Amino acid sequence: MPQTFAVEVGGRTLSFETGKMAGQANGAVFVKYGETGVLVTAVASDRLREGIDFLPLTVDYLEMSYAAGRIPGSFFRREIGRPSEKETLTSRLIDRPIRPLFPKGFYHELQIIATVLSVDTDNDPDIIALNGASAALAISDIPFQGPIAAVRMGKIGGELIVNPTFAQLKESSLNLIVAGTKDALVMVEGGADLASEEEILEALFTAHTHLQPLLVLQEQMAQEVGKPKRPVPDVTTDMDLQARVEALSRDRILRAIQEPVKQERHRLMEAGLQEVLAALGPEYEGRDREIAGFYNNLEKRLVRDMIINEQRRIDGRSYADIRPISCEVGLLSRTHGSALFSRGETQALAIATLGTVSDEQRIETLSGDTFKAFMLHYNFPPYSVGETRMLRGPSRREIGHGALAERALSRVLPPGETFPYTIRVVSEILSSNGSSSMATVCGGSLAMMDAGIPIKAAVAGVAMGLIKEGDHVAVLSDILGDEDHLGDMDFKVAGTADGITALQMDIKIGGITREIMGKALHQAREARLHILERMNQVIATPRPELKKTAPKIITLNINPDKIREVIGPGGKTVKHIVAVTGAKVDIEDDGRIHIASPDSSAADLAIKMIREITQEAEVGQIYKGKVKKIVDFGAFVEILPGTDGLVHISELDKQRVKKVTDVLKEGDEVVVKVLDVDKQGKIRLSRKAVLDLDLSTLNT
């Protein structure tokens, strides 16, 4: 029998219906918030996947066009195919908080699918899908150490808002997605308009309070309609083998983890493992994976012990130390802006490119087509970690890292009205040893300033880590890749000297308290200020002018009624302007015309041609025009392209005129003065008013 459970969140009802749809899934819920509805299913295979020691989890979030009453714009008119960026990012948003909450030993194929079936204009399906994933797992027979819940936090006029609508988000200075358990936070994702650390803390733990009713509801669902959880195979440990592995490995690992250079450290670790396998191989044939597991677990314990007890990190730094930084700008001569940012062994090459309005990215969404004038793309080639692999399209990780850096930099962009360019930043990660997304933020900021983009302030980012053993806590600034892998938290914070613009946090343990979060935020601020100081030594403000290779864009504002005249029949007029000048002309519906060209003379000519077409008659001005039509009471004279006025017979001459044709005939050129333009746009002209004037210098 279908059952519905509901709770009030952010002043609106969030309901979970189960037992009606997708009955063959292990767990399924239809979640509604307003008129937005998402079906979330959880399915795990019955058979254990042999030969692995990790959870094979797949999360897919799907936006169906029919949910908004639309037909897809693709050639095949289908949604299924390459996921959109929104779908990819939401899939990651669901995956990240739930992945650490499955018990060790549960290595069954597991898939979460969230399908948007209905969408309104107020509620984003992403939060709904995340809560639905937890609820579907909670009522299924799949072992899950949840539930978790999530809300979005906004801020308008100094007041925090839970689950703001789309309209409210446009005005909000904050957009944070917060997920947590009853006791602590497990994931944070979002951006802010230069928020202080105190503002972020307040938002996060206000969100945690609002999560509690959702968690209580999911526990109620599990009790009333949940299935018994299937047993998890015991992960037995061969204590004798573990002891032998650790005895053989300890000295080798201790030597390796004190090597500061990543590649050499990994070489020493691999060599040590091979020596241990060789020593134990004859006696424990076929158990290489088990031996490697003991070896890697010992590495984790020794590194964490060194950090907690000796207060020394892998590369010898203290907890708050930042790796050596070097910055360079303008190293690529033909690009519009470029920067090379290095921090330790992590290195990002960022390139900024400027384009016109027509270069904006068109994105098909459930609410209709939208356009992006700022894009940041993050590339992570295999050579950056000394590996080889096939090159394919961007991975989910690359899309996620790019979106985080884009969010961090988007908050300091100039408004389109004053800087009408499309901006693309590409980050090529040349070498990676932790925090490459934050190196992208730093490099992207430098590249945009090198390009002369008038950003409001420089932006830097840093990745924070955590090692927690009982009551002992170490918060680490600017973490290495190994510290990320062996630690308990990856917390990325980006911003200017005045505040935070983006943050992202993932937790591998039960959660994080307010005290730890506060310490991490304040330590991140000190790190950010240190990095910004180093960046400012290379370039402190945007260059005053664009590079010669960049297009120069000039914006004209014309009467929207004149747009069709600029375009011409079938685009004939605008095509002629482009052909003659070589400039690029983009026309917007509100009457703005953007003219782009690296050659200023070409742009000037295009402006002149457009102004000749769009100029309007001004009272008191004198024009040379052509007689287009003779009537009994006067003559119609074209004084501007497509603009006629009437010279009444009484305004033809100082003397009384009996017939218009006594003075003018069709095709004659005549100089006239504008006497009046009425509310309907009718123009009254006079030839009589200019007869006594010296017209030899009249500019036609």
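This section describes the sheets, helix packing, aromatic pairs and backbone exceptions of a predicted model.

Two open sheets are considered in turn. One is built from six strands in the order 1-2-3-4-6-5, and its pairing is mixed. Its edges are formed by strand 1 (3-9) and strand 5 (57-63), each of which pairs on one side only. Direction ignored, neighbouring strands of this six-stranded sheet are turned by 15° against each other on average. Strand 1 is joined to strand 2 (residues 12-18) by seven bridges in the antiparallel sense. Within this pairing, Val7 is placed opposite Leu14 of strand 2. Helix 1 (residues 85-98) packs on the sheet, where strand 5 and strand 6 (108-118) are touched. The direction of helix 1 makes about 140° with that of strand 5.

The other open sheet comprises eight strands in the order 8-7-9-10-21-20-18-19, with antiparallel pairing. Strand 8 and strand 19 (472-477) are the edge strands, and each pairs on one side only. For this eight-stranded sheet, the average turn between neighbouring strands is 15°, direction ignored. At one edge, strand 8 (residues 159-162) pairs with strand 7 over four bridges in the antiparallel sense. Met153 has Val162 of strand 8 as its bridge partner. The hairpin of strand 7 and strand 8 has two residues between the strands, and Gly157 in this hairpin takes a positive phi near 60°. Elsewhere in the sheet, strand 18 (residues 460-469) and strand 20 (residues 489-495) run antiparallel and are joined by seven bridges. Val493 in strand 20 is the bridge partner of Val462.

Helices also lie across the eight-stranded sheet. Helix 1, which packs on the six-stranded sheet through strand 5 and strand 6, also lies across strand 9 (174-180), strand 10 (185-195) and strand 21 (500-507). Helix 1 runs at about 130° to strand 10. Helix 9 lies across strand 18 and strand 20, and its direction is at about 155° to strand 18.

Two helix-helix contacts are described next. Helix 8 (residues 396-410) packs against helix 9 (residues 436-450) at an angle of about 45°, and their axes are 9 Å apart. The two helices are therefore oblique to each other. Their crossing is right-handed. On the side of helix 8, the contact is made by Arg397, His401, Leu404, Ala405, Ala408 and Leu409. Helix 9 contributes Ser436, Ser437, Met438, Thr440, Val441, Gly444, Ser445 and Met448. By class, seven residues of this contact are nonpolar, six are polar and one is charged.

Helix 5 (residues 239-257) and helix 7 (residues 288-309) pack with their axes 9 Å apart, at an angle of about 50°. This angle makes helix 5 oblique to helix 7. The crossing of helix 5 and helix 7 is right-handed. The residues of helix 5 in the contact are Leu241, Gln242, Val245, Glu246, Ser249, Arg250, Ile253, Leu254 and Ile257. Those of helix 7 are Glu290, Ile291, Phe294, Tyr295, Leu298, Glu299, Arg301, Leu302, Val303 and Met306. The contact of helix 5 with helix 7 divides into twelve nonpolar, two polar and five charged residues.

Three aromatic pairs occur in the structure. One of them is formed by Phe102 and Phe144, with a centre-to-centre distance of 5.3 Å and 45° between the planes, a tilted arrangement. The pair links distant parts of the chain, 42 residues apart. Phe102 belongs to the loop between helix 1 and strand 6, whereas Phe144 belongs to the loop between helix 2 (125-139) and strand 7 (149-156).

The loop between helix 2 and strand 7 also holds Pro147. Gly146 and Pro147 are joined by a cis peptide bond, with omega at about 5°. A further backbone feature is found at Ser435, in the loop between strand 17 (422-431) and helix 9. Phi of Ser435 is near 65°, a positive value in a residue other than glycine. Most residues other than glycine have a negative phi, and most peptide bonds are trans.

Methods: Residues are numbered from 1 along each chain as its sequence is written. This is a predicted model: local features need pLDDT of at least 70, side-chain atom pairs count only at pLDDT 80 or more; totals for chains, interfaces and linings use all residues. Side-chain values use heavy atoms; hydrogens and water are left out. Axes are lines fitted to C-alpha atoms, for helices over the stretch in contact, and angles run from 0 to 180 degrees between N-to-C directions. Angles under 35 degrees count as roughly parallel, over 145 as roughly antiparallel, 65 to 115 as roughly perpendicular and the rest as oblique. A crossing is left-handed if the near helix is turned anticlockwise from the far one by less than a right angle, and right-handed if clockwise. Contact means heavy atoms within 4.5 Å. Ala, Val, Leu, Ile, Met, Phe, Trp, Tyr, Cys and Pro count as nonpolar, Asp, Glu, Lys and Arg as charged, and the others, Gly among them, as polar. Two strands pair if DSSP finds at least two bridges between them. Rings of Phe, Tyr and Trp (its six-membered ring) pair if their centres lie within 6.5 Å; planes under 30 degrees apart count as stacked, over 60 as edge-to-face and the rest as tilted.
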